[in-house]
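Ready for a walk through this structure? Open your viewer, keep the selection box handy, and follow along stop by stop.

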Amino acid sequence: LSSTPEIPKEDGRPKWDNKFQYILSCIGFAVGLGNVWRFPYLCQIHGGGAFLIPYFIALLFEGIPLLHLELALGQFLRKGSIGAWNTISPYLRGVGIGSWVVSVLVSLYYNTVLTWVMWYFINSFQEPLPWSACPLNENRTGFNEECYESTAVNYFWYRKTLNITPDIAESGTLQWWLILCLATCWAIVYLCTIRGIETTGKAIYVTAIFPYLVLTIFLIQGLTLPGATDGLAYLFTPNLNTLKNPRVWLDAATQIFFSLSLAFGGLIAFSSYNPPKNDCEKDAVMVAIVNSMTSLYASIPVFSVLGFKATTAYWDCLDRNIISIINEFDLPEESIMRQNYTSWVSFLNSSYPEKIAGLKLKSCDLQEFLDQSVSGTGLAFIVFTQAIILMPGSQAWAILFFIMLFSLGLSSMFGNIEGVFTPLLELQVVSKSTPKELLSGIICLISFLIALCFTLGSGSYWIDIFDRYAGSLPLLVIAFFEVIGVVYIYKIKRFSKDVKWMTGRKLNLYWQITWRFISPLLLLIVFMAFVILQMQKPPSYTAWNPKYEGFPMKEEKVYPPWVQAICVLLAALPCVCVPLVALFHLTKKKCRSKDSCIVPSEVFSCQGANS
Amino acid sequence: MLRALLLTLSVVAIAHAELCKPDAQNAFKVRISIKTALGDNAYAWDASEEYLFKAMVAFAMRRYSSKSTTQISNVLLCNVTDRVSFWFVVTDSSKNVTTVPGSEVEAAIRMNRNRINSAFLLSDKTLQFLKITSTLSPPVEPSTPVWLIVFGVVLCLIVAGIVFLVVSGIQKHKKKNKDSTERENLEEKVEVTVTLENGIPCEVLDLKAGRINGVFAADDERFTSL
């Protein structure tokens, strides 16, 4: 029969070298690219400092309880997601399988984002940076047209990196430079996860700590840049009126949820390698708070740099206007400076209004430049790279920035891969004699081959689809079933006893209330709001089309029906695992109960899954 | 005689005024931004600089057409402003009171743009000939793209790491196998002196009272309700 949980060391399960490694892995998994490029954006568009209120409320009632639940579950049952949910109830095995499917889908596209980061990183060693100047056209009389009409940074991103097609239906060709970088990224992931947590545990020391160092360096540098204070003031000035908009609350809830990387199965895998008598309650609170603090800490350098960029753009706008006025009126150089620009313009406008009107001066407003908010890849690869060109010593800043992004993404990839790797090891898809290195190698190889689709010309559109549909909705569903499963099927009294055995303390009222009522309710509300918002308009995307009349604005297009079908499939596949597997188990039991009426063997065959 | 001379001079002056004026035929506007280019080291634009400019244009015309007939006096400047900007035109001494075609002047300036810029310590942007486009120099491209070199270094490091880990894993596996066979051989030699029943030495077992086996005495609550 199976060994009881009281004698853990005999089951030969790998374990963490020390507790610090475990905490660092959880933090590294939770802290990812979203902390740098999504949280500051949300802060900015949702009223600055006021956004912290719904954010911390969501952290308190949704983030911390769900995190504690997952960590406690994995630590107690000492299995990956599929095995753990099978132990809770064979009907809930689908929850584990759903988590596993989501981890697979997310691993595929997340590493492609890291591929882009790596491409920028290896291009940062050039002087001057390749995205600082436009290339010339064929007869060398001017700049490349596509580059000239947009900006050099945009051109480098859309043409030289992605070589993007104007429509998702046009696949384009495989970009060989991206394939090379993709192979490198998967090789790095293989190198770090080759023996499971034995190797990731060592790698995490670097990948989890290094981003904090770089963020601090950027913080110091960012605060010394001109215009940084404008950016920070803009970010943190609270505008409490935005709290009336329900969208803000929804964004806070979803941001907390996705930021903590819940429902991927990775956290369950990580905590399953813990010794059972470990204080998972303290761990959960610590990881959640560190994650939120990191988001806040990261937004300071990001917004200093954005403020600097806005100020520089504002100065450029002013300077261009000044030059046109000086040239038109043949005034001596440096007669009009930025400070007396407005007085000069009003003076000239009163004396020569037609000439001023003929110049078509752009209105330069600092607020307008600060309002240009971007999130996601646009922030990192377009806005930030442009700001880096303006800093002295741009190569060093670019290299630091992209290594930081790479470390952030890599530590999250470890969690994703563990979420895929651990259940496979437990399901024993390969025989025991096969070395772990081979299994991880096969996983990485297959993932690399599938991810080649994302290196096509239309690859970035597909990554957007995966991000929006596979990496969002199914997680909410799975998390909802997780809470319901533990609280109402496994029964919270039993779980409280298990947690008390592990931590030595009784579960206090906060956990009881949040697990029983608040978190499931919140998840249900967020899920429905999410679905309603998606249904409101047909899913569309913005395409980079040089032939569009509004170029360099991106063209708004609707997804063709076959792509919409794929979106639905991506969102539905992990969710549908839950009821399907429950149904499958029900029919299997019905068939078996018809054959044999021996109840005890049924009982033992259920518990046989414990070994 | 004097009157005739005065008359010719005035005719020439008027003709010059006719030839060089803003938007005249074959005239070009030049715009110079000395302070932008040189900052504190900026020099003032005065008559000597204008003379140098005329000389450079004449030099350019001579080099282009290799006729060696263009004189400094053939280059006419007018409408100098504080900006500093002015118009210039090149006259043809062989034909009376006409200007050299704009295309020739443009080609000549283009050919010698570098020399003209260096004479004034300026660049294409700060010494602008409006209407004459400059050939932009391409960015310097090294023979092997730098990114391939960096990529090669990174890839080599990673492959070395993977090979090291895989080989060490295989060695550990072999050693473990060898150790376990050695231990098996050793165990066969040593006689087991203590007989065990379910992990408990026989002497300790109370054969009459029996011993509760913890595995079977689990709580009912341990089993999931079906």
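## A tour of cysteines and an annotated site

Start by selecting A:Cys134, which is buried at a relative accessible area of 16%. Keep in mind along the way that you are looking at a predicted model.

**Stop 1: the partner of A:Cys134**

Now add A:Cys147 to the selection: the two residues form a disulfide, with their sulfur atoms 1.8 Å apart. The link joins distant parts of the chain, since A:Cys134 lies in the loop between helix 6 (93-123) and helix 7 (145-149) of chain A, while A:Cys147 sits in helix 7 of chain A, 13 residues apart. Is A:Cys147 buried or exposed? Its relative accessibility is 0%, so A:Cys147 counts as buried. If you set up a dihedral about the S-S bond of A:Cys134 and A:Cys147, expect -90 degrees, a left-handed link.

**Stop 2: the other bridge**

How many disulfides does the structure hold over all chains? There are two, so move on to A:Cys317 and A:Cys364, which are also joined by a disulfide, S to S 1.8 Å. The torsion about the S-S bond of A:Cys317 and A:Cys364 is about -85 degrees, so this disulfide is left-handed. Here, too, distant parts of the chain are linked: A:Cys317 belongs to helix 14 (residues 280-329) of chain A, and A:Cys364 to the loop between helix 16 (353-359) and helix 17 (366-371) of chain A, 47 residues apart.

Colour this pair by accessibility if you like. A:Cys317 has 4% relative accessibility and counts as buried; A:Cys364 is buried as well, with a relative accessible area of 18%, because the cut-off for buried is under 20%.

With both bridges on screen, number the bonded cysteines of chain A in sequence order and the pairing reads 1-2, 3-4.

**Stop 3: cysteines without a bridge**

Next, select A:Cys181, which is in no disulfide. Why not? A disulfide needs two cysteine sulfur atoms within 2.5 Å, and the nearest cysteine sulfur to A:Cys181, that of A:Cys185, is 6.7 Å away. A:Cys181 is buried, with a relative accessible area of 0%.

Then jump to A:Cys577, also in no disulfide. Its nearest cysteine sulfur belongs to A:Cys575, 8.6 Å away. A:Cys577 is buried, at a relative accessible area of 12%.

**Stop 4: the annotated binding site**

For the last stop, select A:Gly28, A:Ala30, A:Val31, A:Asn35, A:Ser259, A:Asn291, A:Leu408 and A:Ser412, which an unreviewed UniProt entry lists under "binding site". Where do they lie relative to one another? They span 385 residues in sequence, yet no two of their C-alpha atoms are more than 12.4 Å apart, so they gather at one spot.

Zoom in on A:Ala30, found in helix 1 (residues 19-30) of chain A. A:Ala30 is buried, with a relative accessible area of 4%. Leaving out residues up to four places away in sequence, A:Ala30 touches A:Asn35, A:Ser259, A:Leu260, A:Ser261, A:Val287 and A:Asn291.

Finish on A:Asn291, which is located in helix 14 of chain A. A:Asn291 is buried, with a relative accessible area of 0%. Which residues is A:Asn291 in contact with, leaving aside its neighbours within four places in sequence? They are A:Ala30, A:Val31, A:Asn35, A:Ser259 and A:Leu260.

Notes. Residues numbered from 1 in each chain as written. Chains lettered and ligands numbered in written order. Predicted model: local features only at pLDDT ≥ 70, side-chain atom pairs only at ≥ 80, totals over all residues. Heavy atoms only, no water. Helix = DSSP H or I, 4+ residues; strand = E, 2+ residues; numbered from the N terminus. Buried < 20%, exposed > 50% of the residue type's maximum accessible area, 1.4 Å probe, protein only. UniProt positions renumbered as here; feature names shortened; annotations may be inferred. Contact = heavy atoms within 4.5 Å.
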